Amino acid sequence: MAPKAWIMTHLRELVRFPASGFSAGPVAEDIYEWQATLLGPPHSPYEGGIFFISIHFPPDYPFKPPMVLWKTPILHPNIDQPRVFHPLLVTATWKVGTMVKELLQALHDMLLHPKVEEEDNYIADVARMCVLEPEWFKKKARLMTEQHAMN
C-alpha cells in the first residue's frame with residue numbers, strides 16, 4: 001500500500017471512531033502534514049490545557065515513523081519542545097501497523113505517566129524533578145500549562 005493510502009486509513013479511523021482526549025487531521029490539502037490537538041488529561045498538571053502537535057509523514061511511511069513536533073510550551077521530561085521522545089517514534093522500535101490513533105493515545109497517556117528512566121527522557125533535570133520532587137514538578141507543570149495551554 002502506498003504512503004497516501006496508509007495515511008487515509010488513519011484519517012478514516014479517526015473520523016469514524018473519534019477519541020475523547022485528542023483529535024488530528026491534515027493541514028489544508030497536504031495529506032502528509034497533520035495537526036493534532038491533545039487535551040490535558042484529568043488529574044494531571046496538564047488538565048484543562050490544549051496542546052498542539054504537528055505530524056509529518058515521511059515519503060517512506062509506514063516503514064519509518066512520522067515526525068512529531070510538540071508546538072505548545074510544556075514542562076515534561078519527554079518533551080524538549082519541539083522534540084518528543086516516545087519509543088513509538090524511534091525508527092528502531094517503530095511498528096509498521098501502528099495507527100495514528102494509537103500514537104496519539106500513547107502521547108496522551110505519557111502526559112499522565114512520564115517516562116523518567118535515563119534512556120527514556122530528553123530533559124534529565126525535569127525527569128529528576130518528577131522522581132525526587134513530584135509536588136514541585138506538578139506545581140511548575142501546572143503553572144506552565146496555565147500560561148501556555150489555557151488561553
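These questions and answers cover the fold, core and charged pairs of a predicted model.

User: In what order do the elements of the protein run from the N terminus on?

Analyst: The protein has 4 helices and 6 strands. A helix leads, the strands follow, and helices close the chain. The order is α-β-β-β-β-β-β-α-α-α.

User: What radius of gyration does the protein have, and what would a compact globule have?

Analyst: The chain has 151 residues. A compact globule with that count would have a radius near 15 Å. The protein agrees with this, at 15 Å.

User: Which element supplies the largest share of the largest nonpolar core?

Analyst: The core holds 36 residues, and Trp-34, Leu-38, Ile-55 and Trp-70 touch the most other members. Several elements each supply at least two residues, among them helix 1, strand 2 and helix 4. The largest share is 6 residues, and it comes from helix 2.

User: Which residue of helix 2 does Trp-70 touch?

Analyst: Trp-70 is one of the core residues that touch the most other members. Its contacts beyond four places in sequence include Leu-38, Phe-51 and Ile-79. Helix 2 spans residues 100–112. The contact of Trp-70 that falls in that range is Leu-111.

User: Which side chain of opposite charge is nearest to Lys-101, and how far away is it?

Analyst: Lys-101 sits in helix 2. Lys-101 is buried, and it touches Leu-14, Phe-17 and Phe-22, among others. A salt bridge needs nitrogen and oxygen within 4 Å, and Lys-101 has none. The nearest side chain of opposite charge is Glu-13, at 4.4 Å.

User: Is Asp-125, which pairs with Arg-128, buried or exposed?

Analyst: The side chains of Asp-125 and Arg-128 form a salt bridge at 2.4 Å, N to O. Both lie in helix 3, about one turn apart. Arg-128 is partly exposed at 45% relative accessibility. Asp-125, at 53%, counts as exposed.

User: What N to O distance separates the side chains of Lys-138 and Glu-135?

Analyst: These residues are 3 apart in helix 4, so about one helical turn separates them. Lys-138 is partly exposed at 41%, whereas Glu-135 is exposed at 57%. Their side chains meet in a salt bridge, and the N to O distance is 3.7 Å.

User: Which residue meets Arg-142 in a salt bridge?

Analyst: Arg-142 is partly exposed, at 24% relative accessibility. The partner lies 4 residues away in helix 4, about one helical turn. The N to O distance is 3.2 Å. The partner is Glu-146.

Definitions and conventions: Residues numbered from 1 in each chain as written. Predicted model: local features only at pLDDT ≥ 70, side-chain atom pairs only at ≥ 80, totals over all residues. Heavy atoms only, no water. Buried < 20%, exposed > 50% of the residue type's maximum accessible area, 1.4 Å probe, protein only. Lys, Arg positive; Asp, Glu negative; His and termini not counted. Contact = heavy atoms within 4.5 Å. Core = buried A, V, L, I, M, F, W, Y, C linked by side-chain atoms within 4.5 Å. Rg over C-alpha atoms; globule rule 2.2 N^0.38 Å.
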